[in-house]
Amino acid sequence: MSAKKDAAFATKCIHGGLNPDPLTGAVMTPIYQTSTYAQSAPGEHKGYEYARTQNPTRDALQANLASIENGKFGICFSSGLAAMDNVLKLLSPGDEVLASDDLYGGSYRLLTAVFGRFGIQSRFIDMRDPGHVLSQLSPATKMLWIETPTNPMLNIVDIQALTDIARSRDILSVVDNTFASPYLQQPLELGADLVLHSATKYLGGHSDVVMGAVITRDELLAKRLYFLQNAAGAVPGPQDCFLVLRGIKTLHLRVQRACENARHLVKVLQDNPLVANVYYPGLPDHPRHAVAARQMRDFGAMVSFDLKEDTLEAATQVMKNTHYFTLAESLGGVESLIGHPATMTHASIPREQRLSVGLTDSLIRLSVGIEDAADLVKDLENALAAAVSVAG
Ligand SMILES: *Cc1c(COP(=O)(O)O)cnc(C)c1O
């Protein structure tokens, strides 16, 4: 039965917004694989006319997402970027988006190469210092686009400080919560108007689906987004909705374990003589550790590090010699992944610009999964040793 309002996060993952199927009592939400619904007379129906507009499997997921983000409305889209596309359609030509300069590459591309052509300009700034953000607002600024922790440098932005600034200026605040997941961070509680997810990552959690979602408490914003969801039509299919619903049921357990595993790996990396820097918000000497501790339940399962031998060749040797860490883009699945931002996710950013934010040639990013911690540690240590024996 549906989770009560005061239920804890784990209970909401499993029960939030969900009820047994009214037709059969099926405990798990059925996959309503249909494009249309029978009407008993013209215009007389059970609330469902056409599946772009409404689908019961999608409804269940949207209610569940609203519950786990402590929101009121969930709106799902066919990918994380489709979700962002629709959020940006809340704006009008002449409006400006102020976004963090350490942004998911696809988000940067959508803002610049697509919305730029429609008269919605974006500026990219360092958002770590709220005072700096305040000084960068212009009369055209209508949306603050916040991502934290950032990718791949794991910088932390103070959500509460920035949403306070946005509210005082009547600017919409949006937090891309993909990297943290709702288990670790709840931006609506910290004042955000909209939370966005690539459900492809931790929400789905099993690397078998592409989907996006937006969650809000604001009824007017929700109405406009449901309108856009139907009017622009980037809706997810019912089977994908089922998969994400199923993924969310173990979200709390998966993220807990992934964070635990990440802590082990961070320690091993710090002790390894071949490693130069380890980037992880859980480290006491991370420049925004205190902010992370305040706004996150734990410090996440994304870890970046670079090598003392700062070359593409050395990094390549490490990545070619892991056994359990699969070399791939994406994150947030049960399996551990390893990636090289300079040649993969961030290849389109000029090298000088990359280096200026610490994104070196040897920087390696881990999405830590939920395998056995000792196996992951051994795997990474072996890969580092293999790299040095080649280099030496
Ligand atoms: C993957 C990702 C997106 C885009 O989501 P898709 O589902 O791939 O469209 C947006 N933001 C962040 C932080 C991501 O990691």
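These are review notes on a predicted model, taken point by point.

1. **Main core.** The largest nonpolar core counts 65 residues. Leu61, Leu65, Leu269, Val303, Phe305 and Leu366 have the most contacts inside this core. Helix α9, spanning residues 251–271, supplies the largest share, nine residues.

2. **Second core.** A separate core also exists, with 28 residues. Among its members are Ala83, Leu88, Leu172 and Leu196.

3. **Phe305.** What does phenylalanine 305 touch, once neighbours within four places in sequence are set aside? One group of partners runs through Val275, Asn277, Val278 and Tyr279. Another includes Ser362, Leu363, Ile364 and Leu366. Leu269 and Leu384 complete the list. Leu269 and Leu366 are also named with Phe305 among the residues with the most contacts inside the largest core.

4. **Ligand shell.** The ligand has 13 residues around it. Gly80, Asp176, Ser198, Thr200 and Lys201 are the closest. By class, the shell splits into five nonpolar, five polar and three charged residues.

5. **Ligand polar contacts.** Which kinds of atom approach the ligand's oxygen atoms? Glycine 80 uses a backbone N or O atom, 2.9 Å from a ligand oxygen. Leucine 81 likewise places a backbone N or O atom 2.9 Å from an oxygen of the ligand. Serine 198 brings a polar side-chain atom to 2.8 Å from a ligand oxygen. On its own, the ligand would expose 380 Å², and the protein buries 92% of that area.

6. **Ser181.** Where does serine 181 sit? Its place is the loop between β5 (172–176) and β6 (194–198). Is the residue buried or exposed? Serine 181 is buried because its relative accessibility is 1%, under the 20% cut-off. Leaving aside neighbours within four places in sequence, it is in contact with His197, Tyr202, Leu251 and Val255. Its phi is positive, about 75°, although the residue is not a glycine. Most residues other than glycine have a negative phi. This backbone angle deserves a look.

7. **Ser330.** A second serine to check is serine 330, with phi near 85°. That too is a positive value in a residue other than glycine. Serine 330 belongs to the loop between β10 (326–327) and β11 (337–339). Its relative accessibility is 28%, so serine 330 counts as partly exposed. Serine 181, by contrast, is buried at 1%.

8. **Cis peptide bonds.** Two proline bonds need mention. From threonine 148 to proline 149 the peptide bond is cis, with omega near -5°. From asparagine 151 to proline 152 the bond is also cis, with omega near 0°. Most peptide bonds are trans. Proline 149 lies in the loop between β4 (141–147) and α6 (159–168). Proline 152 is in the loop between β4 and α6 as well.

9. **Ala385.** Helix α13, residues 373–391, contains alanine 385. Why does alanine 385 count as partly exposed? Its relative accessible area is 40%, and the partly exposed class runs between 20% and 50%, so the label follows. Alanine 385 and aspartate 59 are 326 residues apart in sequence. In space, their C-alpha atoms are 50 Å apart.

Terms used: Residues numbered from 1 in each chain as written. Predicted model: local features only at pLDDT ≥ 70, side-chain atom pairs only at ≥ 80, totals over all residues. Heavy atoms only, no water. Core = buried A, V, L, I, M, F, W, Y, C linked by side-chain atoms within 4.5 Å. Buried < 20%, exposed > 50% of the residue type's maximum accessible area, 1.4 Å probe, protein only. Helix = DSSP H or I, 4+ residues; strand = E, 2+ residues; numbered from the N terminus. Contact = heavy atoms within 4.5 Å. Near = heavy atom within 4 Å. Polar contact = N/O pair within 3.5 Å; in protein donor to acceptor, adjacent residues only side chain to side chain. Areas by Shrake-Rupley, 256 points an atom, 1.4 Å probe, with all protein chains shown as cover. Nonpolar A, V, L, I, M, F, W, Y, C, P; charged D, E, K, R; others polar.
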